[in-house]
Amino acid sequence: MRARHIAAAATATLTLAVLSAPAAVSATAPAACGENGLTLRAQPSDDSEGVIGLSVRNDSDRACTVDVAPTVTYGDLDGAAQPRPATESGTYELAPHATAYAAVRSLAATDTDDQPPTVPSLRVAASPDQSGRGFQAMTLGAPTGIQVWEPVTTPWMASPARAERVIEDQTAGWFQA
């Protein structure tokens with residue numbers, strides 16, 4: 001009889017351990033998007049001075065995920081544009097042939113007499129572990145280079161208009177073109 005109680009207690013303990021363990025990744029959750037299956041674009045905003053619109057399109061026939069926000073780096077400068085609003089790490093799911101949008105602003109208003117660094121290009125990646133695609137300043141409406149001071153980007157969003165509204169809201173009063 002005592003052996004049955006011990007076995008029942010062990011089974012209950014094992015059941016509780018399994019139920020309270022973190023859930024495993026579902027076999028149906030989309031995998032990370034392969035870099036070769038994505039198209040990245042960047043272009044100056046028609047509506048917001050100093051803002052560059054970004055997009056990433058999933059060219060595959062399967063849903064996949066990219067990082068919650070693009071990784072935007074500038075020439076040979078260290079660091080990347082910071083997501084605004086601040087985001088936790090995570091992913092953004094792209095349906096087959098779907099496009100997501102973000103916006104980036106590269107220049108903060110400064111109270112110093114220092115000139116911000118100017119770079120000839122920026123690089124956009126859908127996830128930090130990807131090399132991304134480079135864009136020349138000239139094609140982004142900055143023929144003399146992109147000035148960089150406290151750059152920020154939005155997370156990926158469903159529409160370019162929403163991304164521009166968010167970057168404007170997040171940088172109102174803090175940034176200049």
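This is a short dialogue on how features of a predicted model earn their labels.

Student: What makes Cys33 and Cys64 a disulfide?

Tutor: Their sulfur atoms lie 1.9 Å apart. The cut-off is within 2.5 Å, so the pair qualifies. The structure holds 1 disulfide.

Student: Which hand does the link of Cys33 and Cys64 have?

Tutor: It is right-handed, with 85 degrees about the S-S bond.

Student: Where in the chain do Cys33 and Cys64 sit?

Tutor: Cys33 is in the loop between helix 1 (2-20) and strand 1 (38-44). Cys64 is in strand 3 (residues 64-67). They are 31 residues apart, and the pair links distant parts of the chain.

Student: Why is Cys33 called buried?

Tutor: Its relative accessible area is 5%. Buried means under 20%, so Cys33 is buried. Cys64 has a relative accessible area of 7%, so Cys64 is buried by that cut-off too.

Student: How do you know that Arg57 and Asp59 form a salt bridge?

Tutor: Their closest N and O atoms are 2.5 Å apart. The limit is within 4 Å, so the pair counts. By this rule the count comes to 2 salt bridges.

Student: Why is Arg57 called partly exposed?

Tutor: Arg57 has 28% relative accessibility. Buried needs under 20% and exposed needs over 50%, so Arg57 falls in between. Asp59, at 30%, is therefore partly exposed by those limits as well.

Student: What makes Glu168 and Arg105 a salt bridge?

Tutor: The closest N and O atoms of Glu168 and Arg105 are 3.2 Å apart. That is within 4 Å, so the label holds.

Student: Which elements does the pair of Glu168 and Arg105 link?

Tutor: Glu168 belongs to helix 2 (residues 160-171), and Arg105 to strand 7 (residues 99-105). The pair is 63 residues apart and links distant parts of the chain.

Student: Are Glu168 and Arg105 buried or exposed, or in between?

Tutor: Glu168 has a relative accessible area of 28%, so it is partly exposed. Arg105 has 6%, under the 20% cut-off, so Arg105 is buried.

Student: Why is strand 2 called largely enclosed by the rest of the structure?

Tutor: 7 of the 8 residues of strand 2 are buried, so the description fits.

Student: How do you know that strand 2 pairs with strand 1?

Tutor: Pairing needs at least two bridges. Strand 1 and strand 2 are joined by 7 bridges, so they pair, and they run antiparallel. Gln43 stands opposite Gly53 in strand 2, for instance.

Student: What lies between strand 1 and strand 2 in their hairpin?

Tutor: There are 6 residues between them. Gly50 in the turn has a positive phi of about 80 degrees.

Student: How do you know that strand 2 pairs with strand 7?

Tutor: Again 7 bridges join the two, against a minimum of two, so strand 2 and strand 7 pair. They run antiparallel. Leu54 has Ala102 as its bridge partner in strand 7.

Student: What makes strand 4 and strand 10 edge strands?

Tutor: Strand 4 (71-74) and strand 10 (133-136) each pair on one side only. They belong to an open sheet of 3 strands, in the order 4-9-10, with antiparallel pairing. Neighbouring strands of this sheet are turned by 25 degrees against each other on average, direction ignored.

Student: How do you know that strand 9 pairs with strand 4?

Tutor: Strand 4 and strand 9 (residues 121-125) share 4 bridges, and at least two are needed, so they pair. Thr73 stands opposite Arg123 in strand 9. Tyr74 has Leu122 as its bridge partner there.

Student: How many bridges join strand 9 and strand 10?

Tutor: There are 4 bridges, in the antiparallel sense. Arg123 has Gly134 as its bridge partner in strand 10.

Student: Why is strand 9 called mostly covered?

Tutor: Of its 5 residues, 4 are buried, each under 20% relative accessible area, so the label follows.

Student: Which residues touch the most other members of the largest nonpolar core?

Tutor: The core has 27 residues. Leu54, Val56, Val72, Tyr74, Leu122, Ile146 and Trp156 touch the most other members. Elements giving two or more residues to this core include strand 2, strand 4 and strand 9. A second, separate core of 7 residues includes Val51, Ala103, Ala163 and Val166.

Notes:
Residues numbered from 1 in each chain as written. Predicted model: local features only at pLDDT ≥ 70, side-chain atom pairs only at ≥ 80, totals over all residues. Heavy atoms only, no water. Axes fitted to C-alpha atoms, helices over the stretch in contact; angles between N-to-C directions. Buried < 20%, exposed > 50% of the residue type's maximum accessible area, 1.4 Å probe, protein only. Salt bridge = Lys/Arg side-chain N within 4 Å of Asp/Glu carboxyl O. Core = buried A, V, L, I, M, F, W, Y, C linked by side-chain atoms within 4.5 Å.
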